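Reader: I have a structure open and want a quick walk through it. Can we go piece by piece?
Author: Sure, send your questions as they come.

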Amino acid sequence: MPSHVYFDFFGTLVRYDPSVLPSAFNAPLEFALRASVRVGQAEADTLWTRAWDELDSAAYRSGRECSMLQIARRYWELLDSPPVAENELDRLVREYLAVWSAQAAPAADVRTC
C-alpha cells in the first residue's frame with residue numbers, strides 16, 4: 001500500500017510563467033547596469049538565458065538541481081565578472097525572485113485536489 005503521494009508543485013499546484021526571462025522588472029539587466037556593464041536588454045536576456053540553460057543542463061545530467069545563486073554567479077561570469085559589491089549577487093537573486101514569484105498563484109482546482 002502506498003505511503004506517500006508526491007505532487008509536482010509548479011504547473012500542477014501553482015500557475016506560473018515558466019520563462020526564465022523577467023516579465024516586469026528586469027533584474028539581470030539592472031544588475032549589469034549597476035556593475036557598469038554596457039549591455040542592452042536583448043544581450044542581458046541572452047546571457048541570463050544562457051546561464052540558466054547551462055546550469056539546467058548540468059542539473060539534468062547530474063540529477064542535482066542548481067540554485068538561483070549559481071545562476072546569478074554564472075550570469076556575472078558571462079558579463080566578464082565585473083567588480084561588484086559583496087551583496088550584489090544576492091540582491092540580483094532577491095530582485096529576480098520577487099518579480100517572478102509575484103505572478104505565481106494557486107492552480108484553478110488546487111483546493112479540491
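Reader: Before we start, what does contact mean here?
Author: Contact means heavy atoms within 4.5 Å. One more thing: this is a predicted model.

Reader: Good. Try that on E88. What does E88 touch?
Author: Leaving out residues up to four places away in sequence, E88 touches F31 and R34.

Reader: Where does E88 lie?
Author: E88 is part of helix α4.

Reader: Is E88 buried or exposed?
Author: E88 counts as buried, because its relative accessibility is 11% and the cut-off for buried is under 20%.

Reader: Step back a bit. How many helices and strands does the protein have?
Author: There are four helices and two strands. Along the sequence the order is β-α-α-α-α-β.

Reader: And the overall dimensions?
Author: The C-alpha atoms fill a box of roughly 55 × 30 × 25 Å along the principal axes. The protein has 113 residues, and 33% of them count as buried.

Reader: What share of the contacts is between residues 24 or more positions apart?
Author: Such pairs make up 67% of the contacts with a separation of 6 or more.

Reader: Now the core. How many residues are in the largest nonpolar core?
Author: That core has 25 residues. W48, I71 and Y75 have the most contacts inside it.

Reader: Which helices feed it?
Author: α1 (27-34), α2 (41-62), α3 (68-78) and α4 (88-102) each supply at least two residues of this core. The largest share comes from α2, with six residues.

Reader: Is there a general reason to look for such a core?
Author: In soluble globular proteins, nonpolar side chains tend to be buried together.

Reader: You named Y75. What is Y75 in contact with?
Author: Setting aside neighbours within four places in sequence, Y75 is in contact with P28, L29, F31, A32, A44, L47, W48, A51 and L92.

Reader: P28 is on that list. Where is P28?
Author: P28 sits in helix α1. P28 counts as buried, because its relative accessibility is 1%.

Reader: Which residues does P28 contact?
Author: Beyond its neighbours within four places in sequence, P28 is in contact with P22, W48, Y75, L92 and Y96.

Reader: How far is P28 from H4?
Author: Their C-alpha atoms are separated by 39 Å. Along the chain, P28 and H4 are 24 residues apart.

Reader: Helix packing next. At what angle do α1 and α4 pack?
Author: The angle is about 155°, and the axes are 9 Å apart. That makes α1 roughly antiparallel to α4. The crossing of α1 past α4 is right-handed.

Reader: Which residues meet there?
Author: From α1, A27, P28, F31 and R34 meet E88, L89, R91, L92, E95 and Y96 of α4. By class, this contact of α1 with α4 has six nonpolar, no polar and four charged residues.

Reader: So E88 turns up again. What about α2 and α3?
Author: The axes of α2 and α3 come within 9 Å and cross at roughly 130°. α2 and α3 are therefore oblique to each other. Their crossing is right-handed.

Reader: Which residues make that contact?
Author: α2 gives A44, L47, W48, R50, A51, W52, E54 and L55. α3 gives M68, Q70, I71, A72, R74, Y75 and L78. The residues of the contact of α2 with α3 divide into eleven nonpolar, one polar and three charged.

Reader: Change of topic. Any odd backbone angles?
Author: Two to look at are S36 and S81. S36 is not a glycine, yet has a positive phi of about 60°. Phi of S81 is also positive, near 50°.

Reader: Why flag those?
Author: Most residues other than glycine have a negative phi.

Reader: Where are they?
Author: S36 is found in the loop between α1 and α2. S81 is found in the loop between α3 and α4.

Reader: Buried or exposed?
Author: S36 counts as exposed, because its relative accessibility is 65%. S81 counts as partly exposed, at 33% relative accessibility.

Reader: Last one. What about E77?
Author: E77 is in helix α3. At 36% relative accessibility, E77 counts as partly exposed. The C-alpha atoms of E77 and F10 are separated by 29 Å, with their positions 67 residues apart along the chain counted as the gap.

Terms used
Residues numbered from 1 in each chain as written. Predicted model: local features only at pLDDT ≥ 70, side-chain atom pairs only at ≥ 80, totals over all residues. Heavy atoms only, no water. Core = buried A, V, L, I, M, F, W, Y, C linked by side-chain atoms within 4.5 Å. Buried < 20%, exposed > 50% of the residue type's maximum accessible area, 1.4 Å probe, protein only. Axes fitted to C-alpha atoms, helices over the stretch in contact; angles between N-to-C directions. Parallel < 35°, antiparallel > 145°, perpendicular 65-115°, else oblique. Left-handed = near helix turned anticlockwise from the far one by under 90°. Nonpolar A, V, L, I, M, F, W, Y, C, P; charged D, E, K, R; others polar.
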